[in-house]
6 protein chains.
Amino acid sequence: MRENTIRTIWQRGEPVINGWLTIPSAWTAELMAHQGWDSLIVDTQHGLIGYETALAMLQAISTTQVIPLARSAWNEPSGIMKLLDAGALGIICPMVNNRKEAEAFVGACRYAPLGYRSAGPTRAALYAGDDYLLKANESIIAMAMIETVEALNNVDEIMSVPGLDAVYIGPTDLSISLGLKPGGALAQPLLTDAIDTVLKAALRHHVIGGIHTSSTADALAMIDKGFRFVTVMTDTRMLSGAANQAVTAVKKIRPSSGSSSSVPY
Amino acid sequence: MRENTIRTIWQRGEPVINGWLTIPSAWTAELMAHQGWDSLIVDTQHGLIGYETALAMLQAISTTQVIPLARSAWNEPSGIMKLLDAGALGIICPMVNNRKEAEAFVGACRYAPLGYRSAGPTRAALYAGDDYLLKANESIIAMAMIETVEALNNVDEIMSVPGLDAVYIGPTDLSISLGLKPGGALAQPLLTDAIDTVLKAALRHHVIGGIHTSSTADALAMIDKGFRFVTVMTDTRMLSGAANQAVTAVKKIRPSSGSSSSVPY
Amino acid sequence: MRENTIRTIWQRGEPVINGWLTIPSAWTAELMAHQGWDSLIVDTQHGLIGYETALAMLQAISTTQVIPLARSAWNEPSGIMKLLDAGALGIICPMVNNRKEAEAFVGACRYAPLGYRSAGPTRAALYAGDDYLLKANESIIAMAMIETVEALNNVDEIMSVPGLDAVYIGPTDLSISLGLKPGGALAQPLLTDAIDTVLKAALRHHVIGGIHTSSTADALAMIDKGFRFVTVMTDTRMLSGAANQAVTAVKKIRPSSGSSSSVPY
Amino acid sequence: MRENTIRTIWQRGEPVINGWLTIPSAWTAELMAHQGWDSLIVDTQHGLIGYETALAMLQAISTTQVIPLARSAWNEPSGIMKLLDAGALGIICPMVNNRKEAEAFVGACRYAPLGYRSAGPTRAALYAGDDYLLKANESIIAMAMIETVEALNNVDEIMSVPGLDAVYIGPTDLSISLGLKPGGALAQPLLTDAIDTVLKAALRHHVIGGIHTSSTADALAMIDKGFRFVTVMTDTRMLSGAANQAVTAVKKIRPSSGSSSSVPY
Amino acid sequence: MRENTIRTIWQRGEPVINGWLTIPSAWTAELMAHQGWDSLIVDTQHGLIGYETALAMLQAISTTQVIPLARSAWNEPSGIMKLLDAGALGIICPMVNNRKEAEAFVGACRYAPLGYRSAGPTRAALYAGDDYLLKANESIIAMAMIETVEALNNVDEIMSVPGLDAVYIGPTDLSISLGLKPGGALAQPLLTDAIDTVLKAALRHHVIGGIHTSSTADALAMIDKGFRFVTVMTDTRMLSGAANQAVTAVKKIRPSSGSSSSVPY
Amino acid sequence: MRENTIRTIWQRGEPVINGWLTIPSAWTAELMAHQGWDSLIVDTQHGLIGYETALAMLQAISTTQVIPLARSAWNEPSGIMKLLDAGALGIICPMVNNRKEAEAFVGACRYAPLGYRSAGPTRAALYAGDDYLLKANESIIAMAMIETVEALNNVDEIMSVPGLDAVYIGPTDLSISLGLKPGGALAQPLLTDAIDTVLKAALRHHVIGGIHTSSTADALAMIDKGFRFVTVMTDTRMLSGAANQAVTAVKKIRPSSGSSSSVPY
């Protein structure tokens, strides 16, 4: 089976630099796959991406050696298994709040006897190799999102679920759940405490800690702190940011022309 | 009929700041439409965009007040007319090299007696208004690309075709045709001469001069020179540039990790 | 955040006249959005519409001021949240039969602390405004379908769920559940009783009453009765009805030609 | 090969009642195919339909016995041949203005030695039968649109091209070419004269006369006059008309609510 | 309502020869529908097929008399009901492990009072007939997959659920659940015992026994054993097998050229 | 620039074994790319493939080292250039009948000064390398189809066009043009003579000879004769053939069941 280089990087103790795809397009997926990311996540939750486009994007990513991952729309076996069969080498699952949900998620990623994933890796085996059914359980990455106060309170029971490889902090949802204004700095006390709680638990349980950031500065800070799976912005944010910057630079010659705006989330 | 604000800006003597869409996605089209551009070109020539996606992108742009334009794949009536029926308020046509080609192009954009466009503005009339058939000839913009030595030699005969609103310089093709290396600076002598030739002819014929640039600095320089329709990069370039910058910034902590590359064209 | 004019109409005490989209097409969605409806529902349950087409239809509707709504395929968080992130300003959820189901549905439409919707309004914030995360909870409409005897028996517990804005009667399912032949008149006693039961409960709980009808006469009658969200037929029914009428009118000159049929549901 | 029942109806001297598809959707195509039309035209010129959707629509129509036809985007061999290979049993070609154009069009519809169509009826043979290559030349219908003054002046040379089965009048383009306001009555003198000119020439050359109409009354009048291929409106017009009628009927209770509009073309 | 000929074949005591579609394409679906299968399953679980493609494939199959079936992605009402509304005349549901799951599955396929399917057979009624709502409960086939040890242990409680028409053995998942290597022979003792257990229970409960096979020899053996719904390979396997055979035959002239591989699952 | 291994194989004097894609699916394209072919042709002429699917298929092929080629729908610059920009490393052009047509075709494949291809290799440069604009002229393969008597008569003038790399015989069209029944044996005298004429001319002009075959036996015979680019069947034929064989084998147990048919072309 094709090597899941995310595991290799982790074994070296290094952080995985991950790109995030919310644009529903196989072209932007292929384009992003050439920019140097270690892995790319096809986001079928908040990305504007359904299954059929996700499939095309997973194909596009595998024109390169970048590891294709996907975020499932929810903690549901159908979506998780379809993304795996389509060739994702790992799943990030939103809103895993307790042990039962963590077990349901991990089970959906693993064949029996470790889980209840149904066998039929139609594209996955073509892409990753004929021995897929035998090797997938040890290769596929299962990463649970920690993004609520409930999950914070249950970090130990979540992280002790066998087969869970990593956890991933979603700062926006976590902020809302903590009663903070969404979009605030990672460095604000309440959020920092929560982030530290998760990271410490991860280290305790030998689970990889991952986190979403919205700037390279934050990404570097989180790597420094010990996170080993770090995302820097989304493709949507990068495109709107770059376009907004260009328009603003050129439009200063036409001060009257209407205001422009970028996407805030 | 809905006002074509490109004409309004031109009547004020100001430059139109145009965005360029090569990503085949209604989402990125809608996203770009919120960044402050005056107009957006759906590029069905070198963009990875076929008719069906172009239609969706034209719909997406018209969720805003940005003027939707399109580049036809070639100087062919079928493609030009389908883009107009889909709601583009102007067409940029590649490789217009002589008077005959300019007439064929302009004719495809105009109803009789000014041209031979066939009537059936299925979406255009819904989007732009019930009086579309009566007003389209004076609203739709016809912009011919000047990008070969042959066209340079024929600037006067091309620009004197009635109904041609603007010309647009494609520096990459023009460079190749001039025997220059593609991707070079606009400021190199041979290219600058060609650009000046086109702009002077445009001023002489009361035709708008337009040009493609790949940086805000170039865009500002060209506006300064007298161009009144200026594009700054493409969406593909913006996304790959921003992603490459982010990866490079974060990966400096992992110097061994493989090189990344952005898209050069 | 963009005004949800459905709430404005309700505040004036007037009925919302809603159109219903089952055709999987961004073009028919845009076409319908120009016919004068207050709102349009993209039906991902019985409409032949998956997520990717729903997204395109929501974009198409927002080329106008018509309020985009969607029916989720089922009472499932993944589908509900994806439709909201794609820009629907309200969700109609089928088969809400008891308080637990009503809470699950309403919770999926609301950010914490009112619910468990996950934050990531990728298109919604572009379309509706930068303050989306702060305002969505009070703007987004949650409308539960009452269409079974079980739901009839539980109207009070359903309607007392905080955050539920409206209920919507599906007469076909309700008829089947009541043991009636589907497609019968709204005026038949058993069905009328059920309709009245729901409407009275709605008035009692200060929840808006909504209902599906299959003719303008029925729509007017229901408005008269007190419903404030009324649908008149579906796009599929309108198209087949109009086509059937045209064929029949012209074919009377060719009596031998085979029978034609329209769609009954 | 599957019987082309259009020829059978013509052999009986009866008119073919044709439906017109401009909505890009396999669902509306299938829906229309159940309404009693003899044939349906997938319009890839002014319909919002590209090749990929046209293919899906041709499949949808062939779930019934209705004859699938298509309008090519222009008089171009690539588009014409792709539609035929996809299973259209006839092509209507826009803007055929003289003998040379008529020959180019008919030649694209016929295999050698009658024309220059390339052999490879991938779907056509599956749908229409294994003997397709042997029978297609006598089954496929070639119908040229007469819609300019130039074409009017050349009716005889156009209609005497061997293999041309029918001509079809496009009243909107013909009106514009005649200097009339588009959308006027078929009965206005100048247009009526032109229509009569075409019909008489068709009878003279034993070619079928066809015409586009926008009401059942006009359709019946044209059949009465001698046309044997008559279209009544388009699917887009039918849907917008029916929706507009419904909204207007219900909104009379809310006179203040904004004006609604239907599609004029 | 259109006859469900699967029931007719079963009433004659004969086996249904079923084809299996995993390629996401309406063209291959139509092609397969002409090869002589009694029924075709659109596999939305392990097939690379989402809802929108499944709809197109169901349309393509119904250009013929072959019975269209679908496998749902999971035991979920939303997916099951959408496939039925799209025109599938039966559903195969994966991983039905106990009575509760069997009841949930069968209930999703039946209108009240037999189940909880929601009424709105948008395409199903167009395809299968105006009396669909009245007849669907007795025509639609509900087939539960038996593919785990848990299901084996619960065969009697599963098969005694009223309205379950058939069971279907998935040998790959069953092998894994039994602790066997996936892809082994049906004839190995442990698997054979399990297969016999299911078939005997099926005969006992007057439920049809179905099974997946990967060769015509296995298919014939299973029919001989008493199975009455038998699949022979998948379209993906057939295509890769035929291509691999052709390449190998021609490449023997170029022994150095790299190894080729076919898809193993 | 990525090596075009077709040229490498030719330099070794060996034949290229080519697969042919007519199924509009990125999945079947990826599947075929794993079967050992040297190159794959995405057929946008007789394949049921439009531009948007062709793009996805070219991406799918480039998940492997197989060389992606495409057949243009016709000898038209727009289609040819769009396929090249999408990443095809060579174009096969149908119906090249004389020197003028050959020059038009080759010119569309080459940048100035060798041709008139427009610069903008959006995906091609990402896939094939940053130096694409400098190297494409010597890497991209231009292959003209010889498939009419006119072309046979003009083989020398066609093959002497500078930059033409190869010719490709289409036996079905050539048979029809020769007055033979389509689908006959390559070995029949008239066709054999024509094939030999083309091959001899190719050897004379140092142009590669290519040919379409419909069996491995024919492919081997043609390689033996001296052809160095040989196709064996199409994906559509392979799938229908394999399916038909399977159905026939299993249905012999049910002799009464209706006849099955495979696709003849």
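**Chain pairing, barrel and a buried proline in a predicted model**

Among the residues of chain B, Leu239(B) approaches the rotation axis most closely, its C-alpha lying at 2.4 Å. The model described here is predicted. As a little background, two copies of a chain are related by a rotation about an axis and a shift along it. Here, chain B is superposed on chain A by a rotation of 180° with 0.0 Å of shift along the axis, and the RMSD is 0.0 Å. That is the relation of a two-fold axis.

The contact itself draws 41 residues from chain B and 42 residues from chain A. On the side of chain B that touches chain A, at least two residues each come from strand 1 (16-21), helix 2 (26-32), helix 12 (216-225) and helix 13 (235-251) of chain B. Helix 13 of chain B gives the most to this side, with 14 residues. By character, the residues of chain B on this side comprise 23 nonpolar, 14 polar and four charged. Of the interface residues of chain B, 100% are also interface residues in chain A, so the copies meet through the same surface.

Other chain pairs stay apart. Chain B does not touch chain E, and their nearest C-alpha atoms are 16 Å apart. Likewise, chain C and chain F have no contact, with 16 Å between their closest C-alpha atoms.

The fold can be followed in chain F, where eight strands form a closed barrel in the order 1-2-3-4-5-6-7-8, with parallel pairing. From one strand to the next, the twist averages 25°. One of the pairings joins strand 6 (residues 166-169) of chain F to strand 7 (residues 208-213) of chain F, in the parallel sense and over four bridges. Ile169(F) has Ile211(F), in strand 7 of chain F, as its bridge partner. Helix 5 (residues 99-109) of chain F packs on the sheet, where it touches strand 4 (90-93) and strand 5 (141-146) of chain F. The direction of helix 5 makes about 155° with that of strand 5 of chain F.

A closer look at chain E brings up Pro15(E), which sits in the loop between helix 1 (5-11) and strand 1 (16-21) of chain E. Pro15(E) counts as buried because it has 26 C-beta neighbours inside 10 Å, where 20 or more are required. Leaving aside residues up to four places away in sequence, Pro15(E) touches Ile223(E), Phe227(E), Arg228(E), Phe229(E) and Val230(E). Val161(E) is 146 residues from Pro15(E) along the chain, and 23 Å separates their C-alpha atoms.

Key:
Residues numbered from 1 in each chain as written. Chains lettered and ligands numbered in written order. Predicted model: local features only at pLDDT ≥ 70, side-chain atom pairs only at ≥ 80, totals over all residues. Least-squares fit on C-alpha atoms with pLDDT ≥ 70 in both. Contact = placed C-beta atoms within 7 Å. Nonpolar A, V, L, I, M, F, W, Y, C, P; charged D, E, K, R; others polar. Pairing = 2+ DSSP bridges. Axes fitted to C-alpha atoms, helices over the stretch in contact; angles between N-to-C directions. Buried ≥ 20, exposed ≤ 12 C-beta atoms within 10 Å, placed from the backbone.
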